[in-house]
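The following paragraphs lead through one protein model, beginning with its aromatic side chains and moving outward to the chain as a whole. Please keep the sequence and the coordinates in view while reading.

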Amino acid sequence: MKVLGFVGSPREGSNTGIMVDEVLKGASDEGAETKVFNLNKMNIKPCQACQHCKGNAGECATDDDMQDIYKEIKEADAFVLGAPIYMWQMSAQAKLFIDRLYAFFKTGFEEKYGKKDVALVFTQGNPEDMFAGYIDSTKDMFNFLGYNVKGVLSAKGNQAPGDVKNKETILKKAREIGKDLAN
Ligand SMILES: Cc1cc2nc3c(=O)[nH]c(=O)nc-3n(C[C@H](O)[C@H](O)[C@H](O)COP(=O)(O)O)c2cc1C
């Protein structure tokens with residue numbers, strides 16, 4: 001059992017990173033092997049819409065760090081994607097990653113590598129539940145793409161890096177999602 005974490009925040013000590021770590025902790029407590037990727041530190045180009053993947057069994061023609069991620073996802077059972085809310089949506093780092101998953105879409109990925117479980121964790125500055133529609137539609141998109149979304153978590157009212165550290169209820173939920181991913 002292998003569970004990956006993808007962090008879509010550029011900040012050191014980010015709330016996103018803390019939440020992704022908690023999910024992975026929950027998974028490793030259940031015996032899963034875990035690995036975390038900081039998307040901001042990786043060279044990931046936007047999808048070039050060349051459609052190479054569609055005629056080549058899901059192989060992406062863009063030679064960048066996403067190639068390592070493709071390999072890791074194929075070998076993993078599940079992953080958690082974490083993103084801060086930027087301008088009512090996910091950060092660009094997280095969106096680039098998702099766009100590049102287009103390579104796996106309708107190219108026989110599931111048949112060859114199995115259905116992967118996914119968790120989504122978000123953090124936002126606003127204390128209200130105002131991005132629920134967006135978060136729901138992101139979940140629907142992953143399910144539509146052929147993943148099995150097992151957990152979605154959104155932490156509100158976090159401004160400075162590390163703000164989420166005091167929010168034990170959220171962190172506990174993150175660990176529970178991780179446990180679920182590992183089972
Ligand atoms: C460019 C930018 C845009 C943001 N847009 C929003 C927003 O639309 N709504 C919101 O609630 N918070 C917004 N925030 C605040 C972040 O979502 C919040 O601080 C989050 O906890 C940061 O996560 P991190 O610590 O993982 O980087 C924005 C922050 C930045 C830097």
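In this predicted model, the rings of Phe, Tyr and Trp pair if their centres lie within 6.5 Å, and by this rule there are twelve aromatic pairs. One of them joins Phe-105 and Phe-144, whose ring centres are 6.0 Å apart and whose planes enclose an angle of 40°. That angle makes the pair tilted, because the stacked class requires planes under 30 degrees apart and the edge-to-face class requires over 60.

The two partners come from separate parts of the chain. Phe-105 belongs to the loop between helix H4 (92-100) and helix H5 (109-113), while Phe-144 is part of helix H6 (residues 132-145), so the pair ties together parts that are 39 residues apart in sequence. Their surroundings can be described through relative accessible area. Phe-105 has 17% and is therefore buried, since the limit for that class is under 20%. Phe-144 has 62% and is therefore exposed, as that class begins over 50%. Aromatic rings also gather into a cluster, formed by Phe-6, Phe-37, Phe-79, Phe-97, Phe-142 and Tyr-147.

A further position to examine is Val-152, located in strand E6 (residues 148-155). Its relative accessibility is 32%, so Val-152 is classed as partly exposed. Leaving aside residues up to four places away in sequence, Val-152 is in contact with Leu-120, Ile-135, Lys-139 and Ile-177. For Leu-120, which is 32 residues away along the chain, the distance between the C-alpha atoms is 4.8 Å.

How are the elements of the protein chain ordered from the N terminus on? The sequence of elements is β-α-β-α-α-β-β-α-α-β-α-β-α, comprising seven helices and six strands. Among contacts with a separation of 6 or more, 77% are between residues 24 or more positions apart.

The overall dimensions can be considered next. The C-alpha atoms occupy a box of roughly 50 × 35 × 30 Å along the principal axes. A compact globule of 183 residues would have a radius of gyration near 16 Å, and the protein chain, at 16 Å, agrees with this expectation. Of the 183 residues, 48% are buried.

Finally, the surface and the charges complete the description. The accessible surface is about 8800 Å², and carbon and sulfur atoms contribute 49% of that area. The protein chain carries 24 positive and 26 negative side chains, with the centres of the two sets 1 Å apart.

Key
Residues are numbered from 1 along each chain as its sequence is written. This is a predicted model: local features need pLDDT of at least 70, side-chain atom pairs count only at pLDDT 80 or more; totals for chains, interfaces and linings use all residues. Side-chain values use heavy atoms; hydrogens and water are left out. Helices (H or I, at least four residues) and strands (E, at least two) are DSSP runs, numbered from the N terminus. The radius of gyration is taken over C-alpha atoms; the globule rule is 2.2 Å times the number of residues to the power 0.38. Buried means under 20% relative accessible area, exposed over 50%, partly exposed in between (1.4 Å probe, protein chains only). Contact means heavy atoms within 4.5 Å. Accessible areas come from the Shrake-Rupley method with a 1.4 Å probe; for residues, only the protein chains shown count as cover. Lys and Arg count as positive and Asp and Glu as negative; His and the chain ends are not counted. The place of a charge is taken as NZ of Lys, CZ of Arg, CG of Asp or CD of Glu.
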